[in-house]
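Colleague: I'm new to this structure and would love a close look at one part of it. Could you pick a helix and walk me through it, along with whatever comes next to mind?

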Amino acid sequence: MKEKLVLVGNGMAGVRTLEELLKLAPDKYDISVFGEEPHGNYNRILLSPVLAGDKSFAEIVTHDADWYRKNGITLYKGDKIVAIDRKKRRVQSENGVELEYDRLLLATGSKPFILPIPGHDLDGVIGFRDIHDVNRMLQAAAPGKHAVVIGGGLLGLEAANGLKKRGMTVTVVHLLDTLMERQLDKAAADLLKHELESTGLRFHMPAQTEAILGEPCVTGIRFKDGIELTADLVVMSVGIKPNIELAKSCGIYCERGIIVSDTLQTFDPAIYAVGECVQHRGSLFGLVAPLFEQARVCSNHLAEYGIARYQGSITSTKLKVTGIDLFSAGEFQGGENHETLTLQDPARGIYKKLVLQDNRIKGAVLYGDTVDGAWYFQLMRESADISAFRESILFGQAHVGDSGYGNENKAVNLPDSAEICGCNGVCKGDVVKAIVEKKLYTLEEVRAHTKASSSCGSCTGLVEQILASTLGGDYSTAPSKQALCACTALTHDEVRAAISSAAYQTIRDAMAGMEWKTPDGCSSCRPALNYYLLCRWPGEYRDDAQSRFINERTHANIQKDGTYSVVPRIWGGVTNSHELRAIADVADKYEVPTVKITGGQRIDLLGIKKQDLPGIWRDLNQAGFVSGHAYGKSLRTVKTCVGKDWCRFGTQDSTGLGIQVEKMTWGSWTPHKFKIAVSGCPRNCAEATIKDLGVVCVDSGYEIHVGGNGGIKVRVTDLLVKVATEAEVLEYTGAFMQLYREEARYLERTAPWIERVGLAYVKHRIVDDRRGREALYQGFVAAQQNAQIDPWAELAGNTEYCRQLAPLTLPV
Amino acid sequence: MNNEWIYIAALDEIPRQGARVIETGHGDIAVFRTLSDQVFALRDHCPHQGGPLSQGIVHGEKVTCPLHNWVIELNSGVAVAPDEGCAQRYAVKVEHMQVFVAL
């Protein structure tokens, strides 16, 4: 028999929890829902456009009767729970429905706070909370009539704007002299006020309301200073108050909200609570993003997975009031130990402020131009070091091109026909359409439905911008932490830390210990776990071939027609007639259709059938070749120029050094592919300054550059250090690779890794800390003992492996 | 359509969490073996761009195509939403650790 789950409150947080729960454990519960309002669930954030006449109610309904029916959920519309008997685990509704529960979920939301001033109960005094309030306002609204909105916060201004659009004369009354003081600083708030005044809104602030006048209907309002205003309608929007009466009445511990733990449980473990009614670690909630995070955690526990924890949210606010863009996030007021960067352009109506601490963003306020809000917010969440582009950061992502992370266009200004994702041919219009029609909220959902940014990922920023601008409202659905994949709630960094602390030795142990949601993971997490284990336990961990991408299983690159390409290692790109003849012989013997010189100065044999691989490996091994690892998340090639032996400009033996570097680093597994180059002089013919690690020889020694990328987003390297000897080049190279191997996330190239942790950090670990560098170098050398085994020689001798490469044949 | 069970290989010949390919007159068939030793057979041709599904990573009762990461349900051949498409499915059975396919 199924367990019984009762949800009290048919709003966004509660229903989102059910949605997440149905994904995890669709058959676990018989679910009943009680909602006071006589509708299905709707998007409360979009009430303002309904008030303003830009949307109809039907457009903001997110879950209609059909959804409840399809999912087998019993919905009691227009009925509310009035009593909870916790001993008998029973709820009773106003209409006399009595239900038992095994688990109860309270999502009773909040109520508008009504100031207890004389006249607050007059006809015509309305809160702004639900569609009922909106309908009452619309009934009262008529051109020429007067409305007063008490409260200059987000909701108050949206209500004022909506009523003004309906033709009313609207005055906003605010206690403070700063509008939206929870989101804006004084400078931005003044700009906002000025601009709203120019559209016809009136303000009376700072002002304290003393009484609402009239009998029985509102006729006016009086302030402490004696001033009176005419009013036919008063909208009270001074704040919200968690709706905790029901919880209190059955003895559940409440303070300002219902107190919940990190598992969203109240003091009664059978009763959970999510949304605006809860108080978690002292915080109350009023934005949608934290509610969705709570829903995810709560559903995980209701499904009895028991692994997720809610640890609070970092939130940002993005909103539009009459076409004015605002964004704010974090500690935007600044304070001690904080620095502030500001940009003010009154003529264009733009104000931007970033609050920094140690070159990391702590808060932001944007007015008039919020295109970069998502980017700043991402930098803030990641606690990224911005020193590399600090001087231009206020101009936005489009202006930091030299750090490699600039976008050519601002998504908002792009036409629908503009191509966003070059890999998958997705236009802006496709993305917007999918977000609207399929009700997508997150980057992952957009990726799944449109494919945009799902291949190389270089357009991720643009897609996020489109998501933010399309959703509008006070949305930021970006979770404060990104799970490794759908099989776990843990992040890459948490998984890595757990492998160390719990000493997991196999993928199976790790998945069991970290309570993976799937029996054997997926094609995202298995390769990541395999890498993390391999990196953590060098020499001990037994590599799991079935958790590797096909290229790393066959030590060749799969091609679009299912054939493979084979690249033998040519040390430093230097070869000879014997080697070339051997490659030619292999090309003839196996009828290789295409022979191509690669960008990394190697020779690529394309169009090899899978079953021919062992034979080719054997033949190339015999000629002295090993695998070129052109297929791996590993050291690829060391590209060199001819150096001082031949070149009239060469300052050092770049080819010889390149060969030494390649002999040291080949065979190493890294979080993503790793490319090295050595140039013999600053003319840089080996293009060393767009490699993961590039050595540029100069007359007095060797410059070591790191974090370059010549691929999707070109990024020029940062200079790590200049050294005097070849031995130092080898030591710094080994140390840098080991730091990257141990700390970057799987599939994170050096370029984004360095941007995330900051060059200063890498310099600190590799350059300043001599002992640390030596330890990293020793760690690299030790790991290489087990890594430098030619996989071709190893596998060509493994008869079972070779047999399984061949197709099975049907008996004739 | 011939509904005879045709012997393919011993179960051990198919790697766990992996696949083998059977060459036939009308194209390649991929025979998958999951972690829990369930066996499935699909046409070795991703509905997206024809990638060899047999070379993908097998997880649960799904395989991820090696070319563009479409995820295909092994028991039905259907692509996991929101992708749309289907790889032809073949009946397969295991008796006494021996694998048979009906073509």
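Modeller: Let's start where the helix ends: α7(A) is followed by G200(A), a residue with a positive phi, near 110°. Please keep in mind that this is a predicted model. Helix α7 of chain A itself runs over residues 186-198, 13 residues in total. From its first C-alpha to its last it reaches 18 Å, close to the 18 Å expected at 1.5 Å a residue.

Now look at how the helix faces its surroundings. Buried residues in α7(A) are A188(A), A189(A), L192(A) and L196(A). These residues are on the same side of α7(A) because they cover an arc of only 100° around the axis. Turn to the other side of α7(A), and you find H194(A) and S198(A), which are exposed.

Another helix of chain A, α1, spans residues 12-24 and shows a contact between side chains. Here R16(A) forms a salt bridge with E20(A), with the closest N and O atoms 3.8 Å apart. The two residues are 4 apart in the helix, so about one helical turn separates R16(A) from E20(A). R16(A) is buried, at a relative accessible area of 9%, and E20(A) counts as buried too, at 11%.

For a contrast, try α4 of chain A, residues 65-70. D66(A) and R69(A) meet there in a salt bridge of 2.8 Å, N to O. They are 3 residues apart, so again about one helical turn lies between them. D66(A) is partly exposed, at 32% relative accessibility, while R69(A) is exposed, at 59%.

Terms used: Residues are numbered from 1 along each chain as its sequence is written. Chains are lettered from A and ligands numbered from 1 in the order in which they are written. This is a predicted model: local features need pLDDT of at least 70, side-chain atom pairs count only at pLDDT 80 or more; totals for chains, interfaces and linings use all residues. Side-chain values use heavy atoms; hydrogens and water are left out. The expected span of a helix is 1.5 Å times one less than its number of residues. Buried means under 20% relative accessible area, exposed over 50%, partly exposed in between (1.4 Å probe, protein chains only). The arc is that of the directions from the helix axis to the C-beta atoms. A salt bridge is a side-chain nitrogen of Lys or Arg within 4 Å of a carboxyl oxygen of Asp or Glu.
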